[in-house]
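The following note concerns the enclosed and open spaces in the structure shown below. Please read the points alongside the coordinates.

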Amino acid sequence: MVDPLSAEQQLVRVSMALRGTRPAVGELDTVADDPGAVDDLVDAWLDSDAFGATVADLHAELFLIRDDTNYQLPVKGVLENAGYNQADVHHSTVEAPLELVRQVVMGDRPYTEILTGDYAMADEVVADVYGLPYDPDGPKWQQTRWVDGRPHAGVLSDSQMWRRHTSNAANFHRGRANFVSRTFLCEDIGGRDIFVAGGVDIADEFAVAEAVSTNPGCVGCHNVLDPLAAFFWGYKEQLQRGAINQAYNFDCEWDWTQGDPPRGDYRVEHWCYPLKFYDVAEEGAWEDWRLRAPGYFGQPAGDMADLGHMISDDPRFATCTARNFASYLMQTDRDAIPHTLAAEWGDVLVDSGFDAKELARAIVLSDAFTGARVVEGDAFLAGLQTVRPEQLDRAVADLTGFTWLADQDFPGCSSPVNVCWDTVNLMTSDLYGFRSMAGGVDSYTVTHPIHGPTPTRALTLAKLASEAGGYVVTEDFAVPAGERRLLTEVEPDTVDEAMVRAQLAVLHLRILGERVGPDSSAVDLSWSLWDGARERHGDPVPAWALVVSALLQDPRMVFY
Amino acid sequence: MLTRRELLLSSAGLLGIPRVSMGALPQGRKHLITVLAVGGWDVTFCFDPKLACTAPGGGACIIEGPEVDENPNDPLDREEIARFGEIPVVVNPAKRPAVAEFFDRWHPKAHVVNGIWTGSIAHDPCRFRILTGTPDGTRPDLATINGHTHGGDRPLGAVDLSGWSISGSLASSTGRVGVQSQIVALIDDDVQFRPPEGASFTYPHFDPSPDDEAAVQAFLQQRTESMRGVFGDGGDNDASLDDLLGSLDRASRFRDRSQDILSSLSIGKEAGFLLQVEIAVDLIENGLCHAVTLDTQLDWDTHDLNQTQHDKYQTLFTGLGALMQALEDRGLLEDTVVAVLSEMTRTPLRNSALGKDHWGHTSAMLLGSVRGDAVSGATDHLLESVPVDLESGAPADGGVFNKYDNFAAGVLELVGVDPEPWLPGVVPFRGAHPS
């Protein structure tokens, strides 16, 4: 038996999961009057920009693509001439596949389009990096097309996906194949232990390649993996910063009288902007290595476009997508989600014509998500959810107007190499900020989020909260009460206990979604905190900063 | 009003005062320092000599080790197998002098484990396996488990200076310092971020006093307890609330006591390997944590130009020498196990880029409170693991492979942690256990 959340508590949980922000007071009032109004609010939220940001966050974690601590594309040539900095290049390239997904979901188009879309997504920077058609008078993000002959298959044909998920020389794109299988089908072929008993003739690279077709220890996985990997021939193995810098050192033109370039298959000309990350001439190179032809779990296929369609037609894609969404929204390992729920939500997805909003709706309105606690027997519940760094960033900005920005560039970052990042959001950066220290992933060294409190997260939140508390108090008291975000009931010199308590009750509602009276035990505690601070500082203003800071660290903020 | 730093200086007097040793640990309970060589080292350059090895039947061994990089015009640039006590190691006085220097000094405290089967040839799966003993990247790693089990009295169980540690379900007892030492901005009031260019403000917007912070801490504790009325379930929800209280307490204690030690970190800069070594020993000696994870800060993934492994080994052993010396100087060596790990080794032969690719076997070195001056396990002429007796560590016909999970379970036992709850049913590798 499960105790459900109250309607207001449910609203907080759903709002944080879908939007990353706290519900507005008006929204709380609505469900207080009519608990059934939650469904309507969910429908509205699913159409909000904030849900679009959540969709991007979900897929950033799924694709492990927002990686700002590893090698970035250098700002050279046309990128430098256009005035971009390192942050521009990073953000645009990593956001391109996420933007494709976001537009599919927010445009109410079938989620399968993320694998079948006959287009690429680019902003001005991405267009310059890869030489894609782009209308400078159009919207920032535009549908465009790859011009290098690669088949179009939604995010499967996005260069950044395969820059992040590289292939090594003898790997023959199998890592990429496993990424696709693991991500979209929940089949982690590479997660299995492998062992080749008796050894292989390692003196012969072809023998090693062939062993995977003949050795009993290999064929089980490679019968599946190698045909999937064959779709990726044409994509470069990797695209590293050093290689691009070197190409520019050669003025983007190799002197063929010197023989082949340092890496024979890496043409210097390909590594200057616009980059040539795909080479049609390499599409059939699997054959040169006597590897298997492109295929999908036993079905022959042609190219990456076929792969996108075959995955999206595979029943595993729907249940895997359900697991991916539920895993993110419920902060649960996707393998821990009961099969019955995964199947049920997979059906919701299929029956809705692959409407990802319907899937998200079904998850956040389910008993598993909205239960407060199990009081008898067993039940699968999401339980207390821990605020993610991206949610914290949005929630604090929404409540206080404060975003934790900094400029940590070192002197001379612009020359001789442009590695300036300018203004960085510390809650969504790992290079300079606290994303992984606050429980998120950096997509490279930290590949799994931490769903629970940690000391480092507590330190981060304390700092963020004190900055936001100080900021909003200063800003609020600088304008009339009607224009303020939080301190609508008091003035800087207000010390009357009744007025202060009334303000505290408002703060509890707005920040925490907690409806308490001015004389409640919750406000007693806040009052005590406020009054103590006022005495210590001899001034109500820092007392308000401290109280707001404390409420932003409150367990009802840490958990939802 | 005193700042946190001023208060600490005036009352605790941490700066400039000799550090306080925590004293010897109870029997069997050891610190764990994990040193990572991320990317995959070539074990033939050091731990697993294959110079002039032979294949079954006496044929030539086809492994291309460090000898292929020798400069014939440099008489010092010669690879050879040197024996330090009972440990044979490949050394080169020109390219990797630190290796010989290290083993010459520390071989009585060193145990080399060759032929660990990693179960994969991809980086992350191998890293998960060698660090956690499982294929699961959400499970806590050995340092985290050690810190959680033994570090209850310290502000943190384990501190990750490397960025690679996996804390999983035990994250509430761990701490990270950040890629560019961001932790400093969280613990030192004197360190502030720079606002965006052109901003009309400077940080901080609000700087709570120590009394303010204590009041907030008390407020949060009471507020957390009050949540149990709605969410308390005797299960996961209560565990989350407990973790929050524990994290708040640990964060507060760590911040109060770590400023001096972490003052050598500079925000915006990576902590190099030698600096990590220094901080790791300081953290343990001063009782701030029980386990630490370090990284050489080198990319060992030499698909191109495998010859760069020489320099990496030189850096690794220079740092390991400093680490061992510091542990001995501080009286911590007998209470510490250092696990030097890399997720895989590299293929026996070089590829067309003169690099080497991934090979699903590796070596490890255990230092400190271990059966020193010894080698366990082995690989064959194809650099593949051979079966061993897990109890003795000796290669044995009829033995079993020393898999990543056996090895991990053995390390846990070495540091006084029962591996069964973490790696159920796994037989520990005990070759490095002191007799």
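1. In this predicted model, the count of cavities of 30 Å³ or more comes to eleven. The points below take up the largest cavity, the second largest cavity and the second largest pocket in turn.

2. The largest cavity has a volume of about 320 Å³. Its lining is made up of 21 residues. Nearest the centre of the largest cavity lie Ala462(A), Lys463(A) and Gln553(A) from chain A, together with Glu213(B) and Arg255(B) from chain B.

3. Which elements give two or more residues to the lining of the largest cavity? In chain A they are helix H21 (455–477) and helix H24 (540–552), and in chain B they are helix H6 (210–231) and helix H7 (236–262). The largest share comes from H21(A), with five residues.

4. As to the chemical character of the largest cavity, the lining holds ten nonpolar, five polar and six charged residues. Two of the charged kind, Glu and Lys, are represented among the residues nearest the centre by Glu213(B) and Lys463(A).

5. The second largest cavity holds about 90 Å³ of space. From chain A, the residues that line it are Val387(A), Pro453(A), Thr454(A), Arg457(A), Ala458(A), Leu461(A), Ala462(A), Gln553(A) and Val558(A). From chain B, the lining includes Leu220(B), Leu244(B) and Leu248(B). Ala462(A) and Gln553(A), named above for the largest cavity, thus appear in the lining of the second largest cavity as well.

6. H21 of chain A and H7 of chain B each supply at least two residues of the lining of the second largest cavity. The largest share, four residues, again comes from H21(A). By class, this lining has nine nonpolar, two polar and one charged residues; the charged one is Arg457(A).

7. The second largest pocket has a volume of about 590 Å³. It is lined by 28 residues, and those nearest its centre are Arg66(A), His91(A), Val94(A), Glu95(A) and Thr428(A).

8. Which elements of chain A each supply at least two residues of the lining of the second largest pocket? They are helix H4 (49–63), helix H6 (86–106), helix H20 (389–400) and strand E8 (423–425). H6(A) provides the largest share of this lining, nine residues. The residues of the lining divide into eight nonpolar, seven polar and 13 charged.

Methods. Residues are numbered from 1 along each chain as its sequence is written. Chains are lettered from A and ligands numbered from 1 in the order in which they are written. This is a predicted model: local features need pLDDT of at least 70, side-chain atom pairs count only at pLDDT 80 or more; totals for chains, interfaces and linings use all residues. Side-chain values use heavy atoms; hydrogens and water are left out. On a 1 Å grid over the protein atoms alone, a cavity is a set of points where a 1.4 Å probe fits but cannot get out, and a pocket is an open set with protein on both sides within 12 Å along at least five of seven lines; lining residues have an atom within 4 Å of a point. Grid points are joined across faces, edges and corners, and a volume is the space filled by probe spheres set on the points.
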